[in-house]
Amino acid sequence: MSEEKNNPWAGLLNWPGSPFNVAQQGLDYWVDACQRSILFLDVLRQRGTDTIARAAKTAPHVLSFPFEIIMDGRTFERPVNYGLCYIAPPDGVVPDPTKRPFIVFDPRAGHGPGIGGMKHDSEIGVVLKAGHPCYFVGFTPVPVPGQTIEDVCRAEAAFIAHVAERHPQADGKPALIGNCQAGWQIMMTAALKPDLVGPLVLAGAPLSYWAGVRGKNPLRYLGGALGGTWMTSLAGDLGNGIFDGAQLVANFEKMNPSNTLWSKNYNVYSKIDTEAPRFLEFEKWWGNPVLLNAGEMQYIADSLFVGNRLSEAALLDSDGHRIDLRNIKSPIVVFCSWGDDITPPQQALGWVLDLYENDEALVAGGQTIIYSMHQSIGHLGIFVSASVANKEHEEFTAAMDMIDIMPPGLYEAVFLEKDEEMLQEELAAGDMMGGEYVMRFERRTLDSLRALGGNDAEDERRFATVARVSEINQGLYRTFVSPVVKSLVTEHSAKQLREAHPMRLRYTAFSNKNKLLDGIPALADRVRAQRRPVAKDNIFLQMQDAMSKQIVASLDAYRDVRDQATEKFFLDVYGSPVLQAMVGLRAENGAPRRIGRDLAREAALDAYRTAAAGKTAEGGTTEAIIRGLLYIYRSPEMSAADERAFATIRQLRLRTSTDEELSVTHFKTIVREQYLMLQVAEEAAMRDLPLLLPDDPDARATALGIVRQVVGATGTVTGDAAQRLERVAAMFGPKLAVVRKKKQGSDAA
């Protein structure tokens, strides 16, 4: 107050609307903006220089964990640029040799390896934290000449087999985690080698490329907008047999131009004092695109992106074996997100609807599919978000043994937050890792997936038309254009073309190679020493943020108009009856595609079901307990499997017929057999259940106690489930033991 009395101008200077105050804010903003510009330029210089240094390495990666290479795919009979690494556990952590090993497969879809272990809170970090041996499958930037997708699948099978051999004491086959492109690749491997793998976790992995909904998912229209995959062939020819992964990355970036052209860089510029380290760390992965053989990329584009043949079971390997995802015997966990614009839930789960006409076919096929849909996380967040790692990936890892023994069917993974009212929350598998959730698997029907939205018959015909048009254009290109292009391309011209790609230029242009930036490091150091960040309430800073929002809104509006125009073009052109007739899709009525029946597979399944129906009187106490539990859980009230119930039954240490502790593998076999018996012949299975029990009343009472304890692990049993429990309890009683003795006597006579 005394200062204001002595200085009559003080109040005017402090008044927000005062010209003097505005001038001072303008000067402060100008200094801050200039300093931020210099620091941002230095960050871009560091990014470009780091990118060039990483590109010079043989196998650049972003793994934050030490590792040892134990298998090099380049030495195989059919060499590939993939390798198997053992992840060294952190100091003080000794993996449990009895726990199943995990193998993390990273995507080779333009970027280099390591995103699955880029942070401490990551897929690899979660596996190590849970005490499992952990392995990682990565790759070098340059493919082996002539390698194919089939060669990669064979190499992955060899990696999986080697990991299993290294852990003979492990209770269960190796669990596989496939990120994005690696997800469909391990599915192909598992379909060809179904007895080799344990549970599969597919994180953001597209398997049904035509799936989606109108008004969204514009990437699925790209093949139609380009007239098929002939441009993929052109890119491979211009690359002298090499396809540049930078083109895949560019396609991803074009989906969100406001982020690519503005927001990502503006976020660093506006928060230069805090965001630079995070930005530079992420750019290590984003900024080094890898290469693929032209044949590999052509196979992916023709068979998957446009042909959509994987989800149709229409792919064959070189030996003529059908790559049918229905052959996979292990549980499949599909983790996707509504915020993922690259792999929306429809593309992650649509293959289930493609392969199975109804729920009965899914169960009869013996396949267990579990899905979880995040509400908002983006595509990359599925792999690198710490919040996702500490929730979804942590729970999936902790509950993997339970997942492995789940009966066939479709389930949704639901995460229940622990609280004081939750019954026996300490039994949750994730509790040992400090997890905050309890996982339960709720039964779903195929209608649950249909409710996500998808194509009608006309849309399917449109995509089938694209596939036919693509084949025609591909034939024309290979006949008339490809020979000319190949004759003009040299290895030098291909290399120069790759280096001139805009994605690479933006890194090299801002690097130490640019002599115009030689003075930037010293100038940036001086700025840091004299840094004068502006106040957050500065009106010019607020104007800057408002202008940024307008730029984002304009680019988003452009994106929306572009996507709408692309969709309209696709629907109008490929919906034309004339075009469809010209490519042969109007020659017959009916659906444009249908999954063929595999009679040999169906016959094997029928034989297995018939054999199971004839074994209802075989087994012992453990089989009786599991049959009784499954019978109870078939009731509508027990439509969810809770990890607390599984933890209870594991704690009770069920035994085998040789009095050995029941392993997960043996447990899984019993559950599958007993579930199949109930599915095929429920009444016969329940009628013969008492024959599995011992004569000793105390032993039967103990077995019944196990049933009651497991069923009651999550709360009080009511309704039909309670009636089923009482029926099971009666079968464990003394009266039915007498019936059992009489039946045994009549059988002996």
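What follows is a conversation about how particular features of this predicted model earn their names.

Colleague: What makes the sheet of 11 strands an open one with two edges?

Modeller: The strands follow the order β1-β2-β4-β3-β5-β6-β9-β10-β11-β12-β13, with mixed pairing, and they form an open sheet. β1 (67–72) and β13 stand at the edges because each has a single partner strand, so one side of each is left without a neighbour in the sheet. Neighbouring strands of this sheet are turned by 25 degrees against each other on average, direction ignored.

Colleague: How do you know that β12 and β13 pair, given that β13 covers just residues 640–642?

Modeller: Two strands pair if there are at least two bridges between them, and β12 and β13 share 3 bridges in the antiparallel sense, so the criterion is met. Within that pairing, E442 stands opposite A640 in β13. On β12 (residues 437–444) there is also antiparallel pairing with β11 (residues 409–417), over 8 bridges, and there L416 has V438 as its bridge partner.

Colleague: What makes the pairing of this sheet mixed?

Modeller: β9 (residues 332–337) and β10 (residues 368–374) run parallel and are joined by 6 bridges, with I332 opposite I369, whereas β11 and β12 pair in the antiparallel sense. Both senses therefore occur in one sheet, as strands of a sheet pair either parallel or antiparallel.

Colleague: Which strands does helix α6 lie across?

Modeller: Helix α6 (residues 181–192) lies across β2, β3, β5, β6 and β9, and the helix runs at about 140 degrees to β5.

Colleague: Why is the contact between R531 and D32 called a salt bridge?

Modeller: The cut-off is a side-chain nitrogen of Lys or Arg within 4 Å of a carboxyl oxygen of Asp or Glu; for R531 and D32 the N to O distance is 2.8 Å, so the pair qualifies. R531 lies in the loop between α22 and α23 and D32 in helix α3 (residues 19–55), so the pair ties together parts that are 499 residues apart in sequence. Both residues are buried. The search of the whole structure finds 41 salt bridges.

Colleague: How do you know that E296 and R108, which also meet in a salt bridge, are buried or exposed?

Modeller: Buried means under 20% relative accessible area. E296 has 0% and R108 has 3%, so each of these residues counts as buried. Their side chains come to 2.8 Å, N to O, although E296 belongs to helix α12 (residues 294–306) and R108 to the loop between β3 and α4, 188 residues apart.

Colleague: Why is the pair of R708 and E726 still called a salt bridge?

Modeller: Their closest N and O atoms are 3.9 Å apart, and the cut-off is within 4 Å, so the pair is accepted. R708 lies in helix α29 (residues 697–711) and E726 in helix α30 (residues 719–731), so parts that are 18 residues apart in sequence are tied together. R708, with a relative accessible area of 37%, and E726, at 45%, both count as partly exposed, because their values fall between the limits of 20% and 50%.

Colleague: Why is the aromatic pair of F40 and Y269 called edge-to-face?

Modeller: Planes over 60 degrees apart count as edge-to-face, and the planes of F40 and Y269 stand at 80 degrees, with 6.1 Å centre to centre, so the name follows. F40 in helix α3 and Y269 in helix α10 (residues 257–270) are 229 residues apart. F40 is buried at 15% relative accessible area, and Y269 is buried at 16%.

Colleague: What makes the pair of Y82 and F139 tilted?

Modeller: Their ring centres are 5.5 Å apart and their planes are at 50 degrees, so the pair is tilted; such an angle is neither under 30 degrees, as stacked would require, nor over 60. Y82 sits in strand β2 and F139 in strand β4 (residues 134–139), 57 residues apart.

Colleague: How do you know that R47 lies over the face of Y507?

Modeller: The charge must be within 6 Å of the ring centre and within 35 degrees of the ring normal; R47 lies over the face of Y507 at 4.4 Å from that centre. The charged end of R724 likewise sits over the ring of Y631, 4.5 Å from its centre.

Note on methods
Residues numbered from 1 in each chain as written. Predicted model: local features only at pLDDT ≥ 70, side-chain atom pairs only at ≥ 80, totals over all residues. Heavy atoms only, no water. Helix = DSSP H or I, 4+ residues; strand = E, 2+ residues; numbered from the N terminus. Axes fitted to C-alpha atoms, helices over the stretch in contact; angles between N-to-C directions. Contact = heavy atoms within 4.5 Å. Buried < 20%, exposed > 50% of the residue type's maximum accessible area, 1.4 Å probe, protein only. Phe/Tyr/Trp six-rings, centres within 6.5 Å; stacked < 30°, edge-to-face > 60°.
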